[in-house]
Amino acid sequence: MNKLSAQPSSGWHPGVRIVPSPNFDARPAEVPIDLIVIHSISLPPGIYGGRGIEQLFTNQLDPDAHPYYAQIAGLKVSSHFLIRRDGEVVQFVPVGERAWHAGLSNWHGRERCNDFSIGIELEGDDETPFMVAQYLALQGLLVSLVATWPVRAITSHAHIAPTRKTDPGPCFDWAMVQAVCPQLEIAP
């Protein structure tokens, strides 16, 4: 398991690759960061290992590079973290800032989940099992985040936006999350 140590003063994690995204803003004052949202993404859909995700999160996606990119090139989205298929962790937004990952969302009656959540993307899709290296990296990241921030629950993008999203999908192993964070509410 990767052992990461959070830097709450900066919101950046040591030992991860940093690719700053412009797609973030300040969180509301005095709102605790108490939720982690697990997502999945692949760009182009079903293709792994390319630069599409990083380009999307940094507003550098070329709409002519793939037919699908024309549909999403203008989106202003990000996540705090991305875990690649090989387990590499990439950070786009400091944890103390609001990444634009959840969109229209609701957690136990609280709207605007971006205000109080940390977004973690796994490179993948709904049909493909995730890699062991990704789960190991995710476990290390979760342990570090839960030790540093007042996280009370971990959920899926599908759970907070059920009419719009299905990720991380049925191939995601929620028991792995429960194993490292048994004290938290886990809501797939």
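Okay, let's start with one residue. Arg84 is buried, because its relative accessible area is 8%, and buried here means under 20%. Keep in mind that this is a predicted model. So where does Arg84 sit, and what does it pair with? Arg84 is in the loop between β4, residues 81-83, and β5, residues 89-91.

Take the acidic partners in turn. Arg84 and Glu123 meet through their side chains in a salt bridge, at 3.0 Å from N to O. That pair ties together distant parts of the chain: Arg84 is in the loop between β4 and β5, while Glu123 belongs to strand β9, residues 117-123, and the two are 39 residues apart. And is Glu123 buried or exposed? With a relative accessibility of 2%, Glu123 counts as buried.

The other partner is Glu54. Its salt bridge with Arg84 has the closest N and O atoms 3.1 Å apart. Again the pair links distant parts of the chain, with Glu54 in helix α1 and Arg84 in that β4 to β5 loop, 30 residues apart. Glu54 counts as buried, because its relative accessibility is 8%.

Now, Glu54 also forms a salt bridge with Arg17, and there the closest N and O atoms are 2.5 Å apart. Arg17 is in strand β1, residues 17-18, and Glu54 is in helix α1, residues 52-57, so to speak two distant parts of the chain, 37 residues apart. What about the exposure of Arg17? Arg17 has a relative accessible area of 32%, so it is partly exposed.

Put those together and you get a network of salt bridges linking Arg17, Glu54, Arg84, Glu88 and Glu123. The structure as a whole holds 9 salt bridges.

While we're on helix α1, look at Gln55, which is also in that helix. Gln55 is buried, with a relative accessible area of 18%. If you set aside its neighbours within four places in sequence, Gln55 is in contact with Gln60 and Leu61. As for Asn23, it is 32 residues from Gln55 in sequence and 12 Å away in space, C-alpha to C-alpha.

Next, the aromatics. How many aromatic pairs are there? The count comes to 5. Take Tyr135 and Phe172: their ring centres are 5.7 Å apart and their planes are at 45°, so this pair is tilted. The two come from distant parts of the chain, with Tyr135 in helix α3, residues 132-148, and Phe172 in the loop between α4, residues 157-160, and α5, residues 174-180, 37 residues apart. Both Tyr135 and Phe172 are buried, and for Phe172 the relative accessibility is 5%.

Phe172 has another partner, Trp174. That pair is edge-to-face, with 4.7 Å centre to centre and 70° between the planes. Trp174 is buried too, at a relative accessible area of 14%. Add Phe130, and you have one aromatic cluster made of Phe130, Tyr135, Phe172 and Trp174.

Rings turn up with charges as well. Which arginine sits over the ring of Tyr48? Arg85 does, with its charged end 4.3 Å from the ring centre. Then there is Arg110, which lies over the face of Phe116 at 3.6 Å from the ring centre.

One more residue before we zoom out: His13, in the segment before β1. His13 counts as buried, because its relative accessibility is 3%. Its side chain makes a polar contact with the side chain of Ser144, at 3.3 Å.

Okay, the whole chain. We have 5 helices and 11 strands. The radius of gyration is 15 Å, close to the 16 Å that the globule rule gives for 188 residues, so the chain is as compact as a globular protein of that length. Along its principal axes, the C-alpha trace spans about 45 × 35 × 35 Å. Of the 188 residues, 54% count as buried.

And the contacts? Among those between residues at least 6 apart in sequence, 72% join residues at least 24 apart. The salt bridge between Arg84 and Glu123 is a good one to look at with that in mind, with its partners 39 residues apart.

Terms used: Residues numbered from 1 in each chain as written. Predicted model: local features only at pLDDT ≥ 70, side-chain atom pairs only at ≥ 80, totals over all residues. Heavy atoms only, no water. Phe/Tyr/Trp six-rings, centres within 6.5 Å; stacked < 30°, edge-to-face > 60°. Helix = DSSP H or I, 4+ residues; strand = E, 2+ residues; numbered from the N terminus. Buried < 20%, exposed > 50% of the residue type's maximum accessible area, 1.4 Å probe, protein only. Lys NZ or Arg CZ within 6 Å of the ring centre and 35° of its normal. Salt bridge = Lys/Arg side-chain N within 4 Å of Asp/Glu carboxyl O. Polar contact = N/O pair within 3.5 Å; in protein donor to acceptor, adjacent residues only side chain to side chain. Contact = heavy atoms within 4.5 Å. Rg over C-alpha atoms; globule rule 2.2 N^0.38 Å.
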